[in-house]
Structure formats: structure tokens, C-alpha cells
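Got your viewer open and a selection box ready? Let's walk through the model one stop at a time.

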Amino acid sequence: MVAGVLEQCPICRARLDGSGPCRRCRAELGTVRRVAEESAALAAAGLYRLAAGDRAMAVRLLRRASTLRTTPDLAWIRSALSRST
């Protein structure tokens, strides 16, 4: 699992320890964690492609990442890329 991908329960906002259900509301978060991890992996791949000079692929990967889960950092990166055309 990618560290720090899902730090709070999306239902009750309790701090998560990274394994099992939420300790406060007992919500099963396995699927949510997998989606968050996939989004983080796509964002990392997008940043790698951007650093390698492949802007078009970076934008596609970052767009896919944000459709799964948008974070403030990811929104900022996408916004900066859209302004720098």
C-alpha cells in the first residue's frame, strides 16, 4: 500500500491506521483504499512522464488519476499544466 494515500475515513473522518476497517465507524475501506492507491500510482506515473518531457502522456495520466480521486495537490498540478499551454 502507498503510505499516506488514505489518511482519514471518508465517512466519519477518523484518522486511519492503514489496515482493516475504520476503527470509529467500522466502515470497510478496502475498495476505497484500492481506488486511492490506483489514483496515487497514476499520479506518480504522470509526474514521471512530465519529468521525462512527455507532457501529453503526463496530462492523460493525471486526468485519469483525478477521475478516481482528486486531491488538492493533484488539482493544483493539473491547473498549472492547463495554464502553461
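Helices (H or I, at least four residues) and strands (E, at least two) are DSSP runs, numbered from the N terminus. This is a predicted model, in which local features need pLDDT of at least 70 and side-chain atom pairs count only at pLDDT 80 or more, while totals for chains, interfaces and linings use all residues. Residues are numbered from 1 along each chain as its sequence is written, and side-chain values use heavy atoms, with hydrogens and water left out.

**The whole chain**

Start with a cartoon of everything. You should find three helices and zero strands, and reading along the sequence gives the pattern α-α-α. Taken along the principal axes, the C-alpha atoms fill a box of roughly 45 × 20 × 15 Å. Of the 85 residues in the chain, 27% are buried; buried means under 20% relative accessible area, exposed over 50%, and partly exposed in between (1.4 Å probe, protein chains only). Now for contacts, meaning heavy atoms within 4.5 Å. Among those between residues at least 6 apart in sequence, 33% join residues at least 24 apart.

**Before the first helix**

Select Arg13 and Arg26. Arg13 is found in the segment before H1, and so is Arg26. What is the sign of phi in Arg13? Phi is positive there, near 70°, in a residue other than glycine. Arg26 isn't a glycine either, and has a positive phi of about 65°. For background, most residues other than glycine have a negative phi. Arg13 is exposed, with a relative accessible area of 52%, and Arg26 counts as exposed at 56%.

Next, pick Gly18, also in the segment before H1. Gly18 is partly exposed, at a relative accessible area of 25%. Draw a C-alpha to C-alpha distance from Gly18 to Val5: the two sit 13 residues apart in sequence and 9.1 Å apart in space.

**The cysteine pair**

Show Cys9 and Cys25 as sticks. How many disulfides does the structure hold? Zero, taking a disulfide as a pair of cysteine sulfur atoms within 2.5 Å. The closest cysteine sulfur to that of Cys9 is in Cys25, 3.7 Å away, which is too far for a bond. Cys25, likewise, is in no disulfide. Is Cys9 buried or exposed? Cys9 counts as buried, at 0% relative accessibility, whereas Cys25 counts as partly exposed at 33%.

**H1 against H2**

Now select residues 30–51 for H1 and residues 55–68 for H2. The two pack at an angle of about 165°, with their axes 8 Å apart. Those axes are lines fitted to C-alpha atoms, for helices over the stretch in contact, and angles run from 0 to 180 degrees between N-to-C directions. That makes H1 roughly antiparallel to H2; angles under 35 degrees count as roughly parallel, over 145 as roughly antiparallel, 65 to 115 as roughly perpendicular and the rest as oblique. The crossing of H1 and H2 is left-handed, that is, the near helix is turned anticlockwise from the far one by less than a right angle (right-handed if clockwise).

Light up the side chains between them. On the H1 side, the contact includes Val35, Leu42, Ala43, Gly46 and Leu50; on the H2 side, Met57, Ala58, Leu61 and Leu68 are among the residues taking part. By class, this contact has 11 nonpolar, two polar and four charged residues. Here Ala, Val, Leu, Ile, Met, Phe, Trp, Tyr, Cys and Pro count as nonpolar, Asp, Glu, Lys and Arg as charged, and the others, Gly among them, as polar.

**H2 against H3**

Move on to H3, residues 72–83. H2 and H3 pack at an angle of about 145°, with their axes 10 Å apart, and their crossing is left-handed. Select Arg55, Val59, Leu62, Arg63, Ala65 and Ser66 in H2, which meet Leu74, Ile77, Arg78, Leu81 and Ser82 in H3. The class count for this contact is six nonpolar, two polar and three charged residues.

Two last stops here. Zoom in on Ser66, found in H2 and buried at a relative accessible area of 12%. Leaving aside neighbours within four places in sequence, Ser66 is in contact with Leu74 and Arg78. Then click Ile77 in H3: not counting residues up to four places away in sequence, Ile77 touches Leu47 and Leu62. Finish with a distance line from Ile77 to Ala43, whose C-alpha atoms are separated by 9.8 Å, at 34 residues apart along the chain.
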